[in-house]
Amino acid sequence: HGSRGIVGTTVERTKMKPSLTQVAASLLAARCAVTPARAGMAPKNAPDLPENFCPRATGVATATTGECMCNWQDERGCTGSGCKYEMGLSWYHYTCEDCECVPEPKKPRKKKR
């Protein structure tokens, strides 16, 4: 009865040896836990931005990535071939020569009665 190999018993555990894949996965997991993440980090130095890039009236230039974040966060907030609208943000990279942010349209005032 005790040597049947029921999962979780001492007999069964001695039969279970990790596969090469399990060993490799364990080593990779340990390495990832120790190594600091670098993905998603901005560069240390800002790129040379073109003159008149990202006018403050319609956008704000990022400090190190060379992107212009448009003030009007709408899919129509940027015009040009390289405009992006992701996660609710409208923006473009400085390498897009025909991109620009669009001013937010003024909302009509409600008439007083």
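Helices and strands here are DSSP runs, numbered from the N terminus. With that in hand, load the predicted model and colour it by secondary structure. Going from the N terminus, you'll pass α-α-β-β-β-β-β-β, that is, two helices and six strands.

Next, show the surface. The chain exposes about 9,700 Å², with carbon and sulfur atoms supplying 56% of that area. Of the 113 residues, 18% count as buried.

Now select F53 and Y92 and draw them as sticks. They make up the one aromatic pair in the structure. The arrangement is edge-to-face, with 5.6 Å centre to centre and 75° between the planes. Trace the backbone from each ring and you'll see that the pair links distant parts of the chain. F53 sits in the loop between helix 2 (20–34) and strand 1 (59–61), while Y92 belongs to strand 5 (residues 89–93), 39 residues apart.

Are these two rings buried or exposed? F53 has 14% relative accessibility, so it counts as buried. Y92 is buried too, at a relative accessible area of 4%.

Stay on Y92 and select what it touches, skipping residues up to four places away in sequence. The list includes F53, G66, E67, G82, C83 and E100.

Then widen the selection to the largest nonpolar core, which has nine residues. Both rings are in it, along with C54, C68, C70, C78, C96, C99 and C101. Among these cysteines, C54, C68, C70, C78, C99 and C101 also touch Y92.

Last stop: a contact map of the whole chain. Counting contacts with a separation of 6 or more, 26% come from residues 24 or more positions apart.

Terms used:
Residues numbered from 1 in each chain as written. Predicted model: local features only at pLDDT ≥ 70, side-chain atom pairs only at ≥ 80, totals over all residues. Heavy atoms only, no water. Phe/Tyr/Trp six-rings, centres within 6.5 Å; stacked < 30°, edge-to-face > 60°. Helix = DSSP H or I, 4+ residues; strand = E, 2+ residues; numbered from the N terminus. Buried < 20%, exposed > 50% of the residue type's maximum accessible area, 1.4 Å probe, protein only. Core = buried A, V, L, I, M, F, W, Y, C linked by side-chain atoms within 4.5 Å. Contact = heavy atoms within 4.5 Å. Areas by Shrake-Rupley, 256 points an atom, 1.4 Å probe, with all protein chains shown as cover.
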